[in-house]
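Biologist: Please take a close look at a single part of this protein, the salt bridges, and explain the partners to a first-year student.

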Amino acid sequence: MPRGEAMFWKEWFRDKSHRTNENHAVRDVLRRNGDDGSAIRHVVHYAYPRSGIDPSQRGRIAADLSSQGFKVRDAASNDGLVFEHHRAVAGRAFDDLTDELESWFEKRGWEYDGWECAVVRGKLN
């Protein structure tokens, strides 16, 4: 691995996971709109199979997500899945969840593509 690439990956994993950094970016947008992320809200997650993945896995992945309390539906494109639940997006517990999702999908040859939610205005902590 070239030295520059090795440094990139070292920085990427240094204090927080890449996913946690992306979570912080979304929460920064929420905060700028008067939302600290602590309110329970509808959260929508996305995942897509990587090229060459056996499509028969899709049903099992959807069933596993459903058994964990997610409402699962087809994504609009690329044979992906959309899975939803209600929870707060602030804090380490949410970051742990998205880190786990990213790892879980990676092991199955899928890509966890992140999450979104509506702004819920209220008191900032």
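Modeller: The following account goes from the whole chain to individual charged pairs. This is a predicted model, in which local features need pLDDT of at least 70 and side-chain atom pairs count only at pLDDT 80 or more, while totals for chains, interfaces and linings use all residues. Residues are numbered from 1 along each chain as its sequence is written, and side-chain values use heavy atoms, with hydrogens and water left out.

The chain has four helices and four strands, which are DSSP runs numbered from the N terminus (helices: H or I, at least four residues; strands: E, at least two). Side chains of opposite charge can pair when their charged atoms come close. A salt bridge is a side-chain nitrogen of Lys or Arg within 4 Å of a carboxyl oxygen of Asp or Glu, and the count here comes to 12.

One of them joins Asp95 and Arg27, at 2.9 Å from N to O. This pair links distant parts of the chain, since Asp95 lies in helix 4 (residues 92-107) and Arg27 in helix 2, 68 residues apart. Asp95 is buried at 3% relative accessibility, and Arg27 is buried at 11%; buried means under 20% relative accessible area, exposed over 50%, and partly exposed in between (1.4 Å probe, protein chains only).

Asp99 and Arg92 also form a salt bridge, at 3.1 Å from N to O. Asp99 is partly exposed at 22%, as is Arg92 at 44%. Arg27, Arg92, Asp95, Asp96 and Asp99 are linked in a network of salt bridges.
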